[in-house]
Amino acid sequence: MNCQINDRHSTTEPNDPLAPTNAHGISMGTTIIFAIACGLSVANIYFAHPLLDTMAADFGISPSVIGLIVTLTQIGYACGLLFIVPLGDILDRRKLIVAQGLLSAIALTVVATTRNETVLFIAMVAVGLLAVVVQVLVAFAAMLASPTTRGKTVGMVTSGIVVGLLLARFVSGVLADLGGWRTVYMTSAITTLLMAAVLYRILPREAAPRSSVSYPVLLRSVLTLFVEEPILRVRAILALLIFAAFSTFWTALVLPLSAPPYTMSHTQIGLFGLAGLAGVFAASGAGRLADRGLGQWTSGISLLLLLTSWGLIALLDSSMLALVMGVIILDLAVQAVHVTNQSMIFAIRPEAHSRLVAGYMLFYSIGSAIGAIASTAIYERAGWNGVCLLGATISIVGVIFWAATAHIGRAQLQAALLSSLRKH
């Protein structure tokens, strides 16, 4: 089934200061707002990582079970990718984004106030479900950008995601030390509500629905894209692998650092997230390289760096400096591959950005969930060395898979790049 859902260009209010500068691009002001909104939204998924031990104590949950909070959030995220994000190809994205923001604020409030373990788990699923507003924003930005700067734009927006993802651990640690873990989620609920109001004001307004296609047909078209586009299949599997490795590290890190002999506070553990801000530079730089047709080489080099990072991370007991260096390399590598993946898939089907990102990020969510639950279980049995071995193994699989599939879709991507250069 060849998907026939056509995009139309967004229209903006004449007096909107953040409107795209022309019909073929997106203004820097709009891009920055997109990046900030993405950062705030993605943080909701990762706030729990440095708080797992405190939340476990509050609800009387064992360390091996508390990892379910991360896994259930990713399950909710996966459901949102499948059932919500594709709507961006047929509905007014502005309304869709604002509605998700409002509902997310409600879910975060429930997390912050519940005393029931079951309600907590259900609310965390809802938090993950609604956090997919990030991907609606990414697809929206890619649609507004010109073809020759799409990678750069996606890279900038993704930079906001990286900042939010990493600062989430630091911010949640500080707030938890000041007022407990519940303060983290109540603060996020208020911030999310404010951001929804800002987005309602500045997002480009869309005049009419792009298509009258039915919802079931829309969902089936996501699966159809996987059948029709080998580049999407390859890049989705790479996403699963890199984020399984990413989640393996960040989910388990709190466990050794919060225990003797380190006994670090949440604020101290959150500081490790700041080291990963190097991923911001990788995100923007990788997008520019993808615009130049160098996405495959960027992917290969980054995957090798990801593998290298585990050798440094494994030295946690003997060198904190080595751990920090490992964090920097790991985050830089993961974000470089992630941005390259998105730039490449957006180039092949411009009319299906929301569905492409939905299908791609579904694999990201699966990988993150696998890494989260596997790392906490392995840490309980084999300690930090077991976690590092798991992460290194996943990274080796990623390198081998990239090498075996690097030739797939090369001609299609080159044709898309040449076509965009002729037009601009």
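pLDDT is the predictor's confidence in each residue, from 0 to 100. The model is predicted: local features need pLDDT of at least 70, side-chain atom pairs count only at pLDDT 80 or more, and totals for chains, interfaces and linings use all residues. Residues are numbered from 1 along each chain as its sequence is written, and side-chain values use heavy atoms, without hydrogens and water.

**Exercise 1. Judge the confidence of the chain.**

Step 1. The protein chain has a mean pLDDT of 85, with 89% of its residues at 70 or more.
Step 2. Residues 1–23 have pLDDT below 50. Beyond near neighbours in sequence, this stretch has 59 contacts in the model. A contact means heavy atoms within 4.5 Å.

**Exercise 2. Classify Val133 and Ile301: buried or exposed?**

Step 1. Set the classes. Buried means under 20% relative accessible area, exposed over 50%, partly exposed in between (1.4 Å probe, protein chains only).
Step 2. Val133 sits in helix α7 (residues 133–144). Helices are DSSP runs of H or I with at least four residues, numbered from the N terminus.
Step 3. Val133 has a relative accessible area of 6%, so Val133 is buried. Leaving out residues up to four places away in sequence, Val133 touches Ser41, Ile97 and Gln100. The C-alpha atoms of Val133 and Ser41 are 7.3 Å apart, across 92 residues of chain.
Step 4. Ile301 belongs to helix α14. Its relative accessible area is 52%, so Ile301 is exposed.

**Exercise 3. Trace the salt bridges of Arg355 and Arg349.**

Step 1. Apply the rule: a side-chain nitrogen of Lys or Arg within 4 Å of a carboxyl oxygen of Asp or Glu. The count comes to five salt bridges.
Step 2. Arg355 pairs with Asp89; the closest N and O atoms are 2.5 Å apart. Arg355 lies in helix α16 (residues 353–405), Asp89 in the loop between α4 (68–83) and α5 (93–113), 266 residues apart. Both Arg355 and Asp89 are buried.
Step 3. Glu228 bridges to Arg349, with closest N and O atoms 3.0 Å apart. Glu228 is in helix α10 (residues 215–228) and Arg349 in the loop between α15 (320–348) and α16, so this pair ties together parts 121 residues apart in sequence.
Step 4. Glu228 is partly exposed because its relative accessibility is 28%. Arg349 is buried because its relative accessibility is 9%.
Step 5. Glu229 also bridges to Arg349, at 2.8 Å between the closest N and O atoms. Glu229 is buried.
Step 6. Salt bridges with shared partners join Asp89, Arg93 and Arg355 into one network.

Definitions and conventions
Helices (H or I, at least four residues) and strands (E, at least two) are DSSP runs, numbered from the N terminus.
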